[in-house]
Amino acid sequence: MRELRAAFPKTIPVLMGYLFLGITYGILMVTNGFPFWLPILTALVIYTGSMEFLLVGILLSPFNPFSVLATTLMVGARHIFYGLSMLTKYRGTGKAKFYLIYTTSDETFALNCDAGIPEGLSRSRYYFWVSFLDQMYWVAGSALGALFGGFLTFNTEGLDFVMTAMFVCIFLNQWLRDSDSLHLRYGRHIPWSALFLSHVPELAGVGASLLCLLVFGPERFIIPSMIAILAILALSRKQVEPAANRLRFEAK
């Protein structure tokens, strides 16, 4: 239980975020006519917040298995890089390894990747408790939203905008963090090349999405934009990654 006591304080920010997003997801599901148990089940089985929000629209749309498969692969493609990054950390974790892989959400990856595990504690148990707590926060939020969403009498139109708001916050947080690293290294006079390389991921996300929105329209731009973003990041990796690692090292 020492691992649980060490892990819980680290997951409190995730608790705050997951409860709010989970409640929103649960409300969104039941107000669109789905049974109360479905958001709880998907929180347990699918457990990928962005895809679960998209699932609401997918289930309400005409059945298109190719589109569903392509969307799921593109949205979840980032987990390939998560897995590669955690190969060493999750080595030797025994049977818990399969659960750790399954529950590697964005937030859990961030916590376990940079985890400073106190001496004398089990790595596998610490990683397990972080992963388990994060998933239970999401399940609890979804359950609360599903159970109480049916009693809501106000207009919930526009509730699905919460995902857009979350991605905007993630974008701004990443932009500000990279900007802080640049200011620590260069002060006020930041070279244009360093500024561009530091913000390539954010610029790629916004630029590719806007371009695909104009070309393919609002109903079909998600998959092309995800493909374009992955292509840009893959092609620019040799230039961007060394610069990013150097800034992180100097920031520390």
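**Exercise 1.** How are helix 3 and helix 4 oriented relative to each other, roughly parallel or roughly antiparallel?

*Solution.* The structure is a predicted model.

Step 1. Two packed helices are described by the angle between their axes and the distance between the axes.

Step 2. Helix 3 covers residues 49–60 and helix 4 covers residues 65–76. Their axes come within 10 Å and cross at roughly 165°.

Step 3. Angles over 145 degrees count as roughly antiparallel. Helix 3 and helix 4 are therefore roughly antiparallel to each other.

Step 4. The handedness completes the description: the crossing of helix 3 past helix 4 is right-handed.

**Exercise 2.** Identify which residues of helix 3 meet which residues of helix 4, and sort the contact by class.

*Solution.*

Step 1. Helix 3 contributes Ser50, Met51, Leu54 and Ile58. On the side of helix 4, the partners are Val68, Thr71, Thr72 and Val75.

Step 2. Sorted by class, this contact comprises five nonpolar residues and three polar ones, with no charged residues.

**Exercise 3.** Describe the protein as a whole, beginning with its secondary structure.

*Solution.*

Step 1. The protein has 13 helices and zero strands. Along the sequence, the pattern accordingly reads α-α-α-α-α-α-α-α-α-α-α-α-α.

Step 2. The protein has 252 residues, and 35% of them count as buried. Its accessible surface comes to about 15,600 Å², with 69% belonging to carbon and sulfur atoms.

Step 3. Consider the contacts between residues at least 6 apart in sequence: 75% of these join residues at least 24 apart.

Key. Residues numbered from 1 in each chain as written. Predicted model: local features only at pLDDT ≥ 70, side-chain atom pairs only at ≥ 80, totals over all residues. Heavy atoms only, no water. Helix = DSSP H or I, 4+ residues; strand = E, 2+ residues; numbered from the N terminus. Buried < 20%, exposed > 50% of the residue type's maximum accessible area, 1.4 Å probe, protein only. Contact = heavy atoms within 4.5 Å. Areas by Shrake-Rupley, 256 points an atom, 1.4 Å probe, with all protein chains shown as cover. Axes fitted to C-alpha atoms, helices over the stretch in contact; angles between N-to-C directions. Parallel < 35°, antiparallel > 145°, perpendicular 65-115°, else oblique. Left-handed = near helix turned anticlockwise from the far one by under 90°. Nonpolar A, V, L, I, M, F, W, Y, C, P; charged D, E, K, R; others polar.
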